[in-house]
2 protein chains.
Amino acid sequence: MRYAVLGTGIVGRTLAAKLGSLDHDVVIGTRDPEATLARSEPDAMGNEPFAAWHAAHPAVQLEPFEEAAAHGEAVVNTTSGTASLDALNSAGGANLSGKVLIDVANPLDFSHGMPPVLNPGNTDSLGEQIQRSFPDSRVVKTLNTVNCAVMVEPGRVPGAHNVFVSGDDSGAKRHVTELLVSFGWPAGSVIDLGGIETARGAEMLLPIWLRLFGLLGHADFNFHIQGAR
Amino acid sequence: MRYAVLGTGIVGRTLAAKLGSLDHDVVIGTRDPEATLARSEPDAMGNEPFAAWHAAHPAVQLEPFEEAAAHGEAVVNTTSGTASLDALNSAGGANLSGKVLIDVANPLDFSHGMPPVLNPGNTDSLGEQIQRSFPDSRVVKTLNTVNCAVMVEPGRVPGAHNVFVSGDDSGAKRHVTELLVSFGWPAGSVIDLGGIETARGAEMLLPIWLRLFGLLGHADFNFHIQGAR
């Protein structure tokens, strides 16, 4: 299947590599491919420049957001949450229409220091904002509650643990659940929270996630809902 | 030890009964004891009137907030989160000074319908508001992430699962951790998130908790952080 992964950071790279390893046709979208490839410094997290990663993953094409989204039969938003609506507007509503749009981003604003502020917080969510902005797309919020290494290799976390899906389109949620299973998530680990408004609860897990990350000193942890079944 | 439990709802009753069963001296605080005892209808959740519960728990005294707080060596806030600061102001800062103040409330505003709005959300928390309002008290946020039946009987949820503590006073957190262990929580299940500002993350678990409660149809579930140890 053809996937467009929007965003060239570590989350986008990790998901693109995993999708490629599962024999999907993957394009990464960015604002300006030349600028992305010209960067020669590691990012703030110490990740290698995109060009170095790209050299090791030559099957993944890099395209402007619009071309990438046009190519994909499904689109994955891995851009920084505060920039996601801009990126998706650049991709263009027509290129998202009718498609499964998998939103894994968290709307964390680091501009006021640590801890980051979660916007919009509690009476709205990035997932809902995306669905409202692109009403013909089929938005599914998922995977935002785990580190990207865990997204594609859930066995990094010992024992049973859960991943959530939120969305208004049950066919899109089935698509995403099958994709999660192909990533290694047991089918029983996927909890369908309900409509896209339930993305609020999933996004609001981030503040305690960030605190636990600081406490534990590693990201190979996850929430498990004990008593759920 | 002498405990004041502020609030006559199901959470206050459950914690008061448990504390009494552990041979603590327990007083429940309410705004107007006569009015509380005069109610003859079940509450909105179908719980029996307070007077009926009280008749079955005669060792627990009912007092106005101020007298209850004065009596307690430690104070437990189980009032409705949106009314907690008012209740604590009625209790009086002098009666809270120097004491461990255990805050189990969630600042959920149901006045706009379902789902309730969590206030203040993401840049503040009820736990912090209480600590700021009563700087001489030693506030510990805990237990707000589980149903009251689970608070005092964690074995209702199968398997390992966690309870969080947040607070600025490490002695107060030790006190609360020992209390949790006396309730049946394994010592290893208690995660100290850090200062009282980490109550934000714990309070922000409520929106997904409420959604899971609706999905599962029961409250005998809890979060377990897999990979934490």
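What follows is a conversation about a predicted model of two chains, A and B.

Colleague: What makes you call A:Ala91 buried?

Modeller: A residue counts as buried if 20 or more other C-beta atoms lie within 10 Å of its own, and A:Ala91, with 27 such atoms, therefore meets that cut-off. A:Ala91 lies in helix α5 of chain A, residues 84-91, and, leaving aside its neighbours within four places in sequence, it is in contact with A:Leu6, A:Gly29, A:Phe65, A:Glu66, A:Ala69 and A:Leu96.

Colleague: Why is B:His24 called partly exposed?

Modeller: The class of partly exposed residues falls between 12 or fewer neighbours, which would be exposed, and 20 or more, which would be buried; B:His24 has 18 C-beta neighbours inside 10 Å and so belongs in that class. B:His24 sits in the loop between α1 (10-21) and β2 (25-30) of chain B, and its contacts beyond four places in sequence are B:Met1, B:Tyr3 and B:Leu19. The C-alpha atoms of B:His24 and B:Met1 are separated by 5.0 Å, although these residues are 23 residues apart along the chain.

Colleague: How do you know that the length of helix α1 of chain A agrees with what its number of residues should give?

Modeller: Helix α1 of chain A comprises 12 residues, 10-21, and at 1.5 Å a residue it should span 16 Å; because its end C-alpha atoms are 16 Å apart, the two values agree. Among the buried residues of α1(A) are A:Val11, A:Leu15 and A:Leu19, and what covers the buried residues of this helix includes β1 (2-6), β2 (25-30) and α9 (170-183) of chain A. After α1(A) comes A:Asp23, whose phi is positive, near 70 degrees.

Colleague: What makes the two copies related as by a two-fold rotation axis?

Modeller: Chain B is superposed on chain A by a rotation of 180 degrees with 0.0 Å of shift along the axis, at an RMSD of 0.0 Å, and the two copies are thus related as by a two-fold rotation axis. The same surface serves both copies, in that 100% of the contact residues of chain B recur in chain A.

Colleague: Which residue of chain B comes closest to the rotation axis?

Modeller: That is B:His224, whose C-alpha lies at 2.5 Å from the axis.

Colleague: How do you know that β11 of chain A and β11(B) pair?

Modeller: Pairing requires at least two bridges between the strands, and β11 of chain A, residues 222-226, forms five with β11(B), in the antiparallel sense. Within this pairing, A:Asn222 stands opposite B:Gln226.

Colleague: What makes up the side of chain B that touches chain A?

Modeller: In the interface, 31 residues of chain B are in contact with 31 residues of chain A. The elements giving two or more residues to the side belonging to chain B are β7 (117-118), β10 (190-194), α10 (199-203), α11 (206-216) and β11 (222-226), and the residues of that side divide into 16 nonpolar, 12 polar and three charged. In α11(B), the buried residues include B:Leu206, B:Trp209 and B:Leu212, and what the buried residues of this helix pack against includes β10, α10 and β11 of chain A.

Colleague: Which residues have the most contacts inside the largest nonpolar core?

Modeller: This core has 124 residues, and those with the most contacts inside it are A:Val5, A:Leu6, B:Val5 and B:Leu6. Not counting residues up to four places away in sequence, B:Val5 touches residues including B:Leu15, B:Ala16, B:Val26, B:Ile28 and B:Val76.

Notes. Residues numbered from 1 in each chain as written. Chains lettered and ligands numbered in written order. Predicted model: local features only at pLDDT ≥ 70, side-chain atom pairs only at ≥ 80, totals over all residues. Contact = placed C-beta atoms within 7 Å. Helix = DSSP H or I, 4+ residues; strand = E, 2+ residues; numbered from the N terminus. Nonpolar A, V, L, I, M, F, W, Y, C, P; charged D, E, K, R; others polar. Expected span 1.5 Å × (residues − 1). Core = buried A, V, L, I, M, F, W, Y, C linked by C-beta atoms within 7 Å. Least-squares fit on C-alpha atoms with pLDDT ≥ 70 in both.
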